[in-house]
Amino acid sequence: MFGKNIRIVIPPELADEAALLAYLNLGADELKKIRYYRARMYHNFSIGRAGRKNRIINAPDERLKFLQRKIAKKLNEIYRRRNPVHGFVAERSVKTNALAHKRCKYVVNIDLKDFFPTISQTRIEGMLSSLGLNSKVAKIIGIVCCNKGRLPQGAPSSPVLSNMICFRLDKSLMTFAKEARCIYTRYADDITFSSHHPPQPFSRPSSHQPGASRRNF
C-alpha cells in the first residue's frame, strides 16, 4: 500500500492479538460487548457549517474513545504522510493547507461526499492486513474503531485511518497535479487544486477511492 521503497515497522503493541489486547487492557468479554453493542456506545448529533450540509457526528463514549486514542497513537507510528496531506498530521493545519495555494490565481476546491461513512470496516481491515498486521489485530482494530460497518465521524481513530486509506488516492492525485502543472493538497475530505494558469479540460484521473465506488470529482 505505501510502496515498495518504504519499510513498515509494526509497533510491538500491534504484533499480535495478545499484545494488542494487553496494550489496550481489553479483555475478551469486553471486546465481545463492543463488537455486538458498539452502536449504543456512540452519541450521534449533527453540526452545521456555513453554506454546507449538516454533518452527522458519531461521538464515542469515554471508554471507547480511550481505546481508539491508544490505537490511533500506534497507527500514527505506521502512517507515512505524503507531502500534500494537511489534515490530522503533525505541524500541518487548515492554515498550512491554504498557504500552499496563496499565490495562485486559479483555485478549485472539491469536497468529497460522505467521506468517513463511505470507508467500510472491511476496507479498514483489508488495508491493515496489506501492511503486514496480523489478521486478528486488523479485526480487533476494525471492531473498536468502526460502527455499523463504517468509519465513524467523531472517533479519534478515524482521522489516521482515513489518511491511511487515502494513501494511494493521494499518490494518484499528486501525479495528476504534476501533469496538469498545478498544486494539490488535501485536508481530510477537502481537495484543492491551484495554478497560475487557467484550468484546462482534463481526463478524470485514475482514482483509488477512500470508501465507496463513487466519488464526486
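# Notebook: rings, charges and a hairpin

I started with two neighbouring rings, and both Phe115 and Phe116 turn out to be buried. One caveat for everything below: I am working on a predicted model.

**Entry 1: the aromatic rings**

I ran the ring search over the whole structure and got 5 aromatic pairs. For each pair I want two numbers, since a pair of aromatic rings is described by the distance of the centres and the angle of the planes.

Phe88 with Tyr187 came up with ring centres 5.9 Å apart and planes at 45 degrees, so I noted this pair as tilted. I then looked up where the two residues sit. Phe88 is in the loop between α3 and α4 (94-99), while Tyr187 belongs to strand β4, so the pair ties together parts that are 99 residues apart in sequence. I checked their cover too: Phe88 is partly exposed at 35% relative accessibility, and Tyr187 is partly exposed at 22%.

How do the rings of Phe115 and Phe116 lie to each other? Their centres are 5.1 Å apart and their planes stand at 70 degrees, so I wrote this one down as edge-to-face. Putting the names together, I have one aromatic cluster made of Phe88, Phe115, Phe116 and Tyr187.

**Entry 2: a serine beside the cluster**

I followed Phe116 outwards and reached Ser158. With neighbours within four places in sequence left aside, Ser158 is in contact with Phe116, Leu151 and Pro152. Ser158 lies in helix α7, which covers residues 158-165. Is Ser158 buried or exposed? It is buried, with a relative accessible area of 1%. I also took the C-alpha distance from Ser158 to Ile119, which is 9.7 Å for two residues 39 apart in sequence.

**Entry 3: the β4-β5 hairpin**

Tyr187 sent me back to β4. Strand β4 (residues 183-187) pairs with strand β5 (residues 190-195) in the antiparallel sense, over 5 bridges. I looked up one partner: Tyr184 is bridged to Phe193 in β5. The hairpin has 2 residues between its strands, and one of them, Ala188, takes a positive phi near 55 degrees.

Asp189 also caught my eye. It forms a salt bridge with Arg55, with the closest N and O atoms 2.6 Å apart. Which parts of the chain does that pair link? Arg55 is in strand β2 (residues 52-60) and Asp189 is in the loop between β4 and β5, so to speak a link between distant parts, 134 residues apart. Both Arg55 and Asp189 are buried.

**Entry 4: more salt bridges**

I counted next, and the structure holds 8 salt bridges. I picked out Lys74 and Glu13, whose side chains meet at 3.3 Å, N to O. Lys74 is in helix α3 (residues 62-78) and Glu13 is in the segment before α1 (17-24), so this salt bridge ties together parts 61 residues apart in sequence. Lys74 is buried, at 9% relative accessible area, whereas Glu13 is partly exposed, at 22%.

Helix α3 also supplies Arg63, which meets Glu30 in a salt bridge of 2.8 Å, N to O. Glu30 lies in helix α2 (residues 28-37), so the two ends tie together parts that are 33 residues apart in sequence. I have both down as partly exposed: Glu30 at 26% relative accessible area and Arg63 at 31%.

Shared partners were worth a look as well. Glu13, Lys74 and Glu77 are joined into one network by salt bridges that share partners.

**Entry 5: charges over rings**

I noted two cases here. The charged end of Lys70 sits over the ring of Tyr23, 4.3 Å from the ring centre. The charged end of Arg82 sits over the ring of Phe167, 3.8 Å from the ring centre.

**Entry 6: the whole chain**

I left the overview for the end. I find 8 helices and 5 strands, running α-α-β-β-α-α-β-α-α-α-α-β-β from the N terminus on. How much of the chain is buried? Buried residues make up 46% of the 217 residues. For contacts between residues at least 6 apart in sequence, 73% join residues at least 24 apart. The chain exposes about 12200 Å², and carbon and sulfur atoms supply 51% of that area.

Key. Residues numbered from 1 in each chain as written. Predicted model: local features only at pLDDT ≥ 70, side-chain atom pairs only at ≥ 80, totals over all residues. Heavy atoms only, no water. Helix = DSSP H or I, 4+ residues; strand = E, 2+ residues; numbered from the N terminus. Buried < 20%, exposed > 50% of the residue type's maximum accessible area, 1.4 Å probe, protein only. Contact = heavy atoms within 4.5 Å. Areas by Shrake-Rupley, 256 points an atom, 1.4 Å probe, with all protein chains shown as cover. Pairing = 2+ DSSP bridges. Salt bridge = Lys/Arg side-chain N within 4 Å of Asp/Glu carboxyl O. Phe/Tyr/Trp six-rings, centres within 6.5 Å; stacked < 30°, edge-to-face > 60°. Lys NZ or Arg CZ within 6 Å of the ring centre and 35° of its normal.
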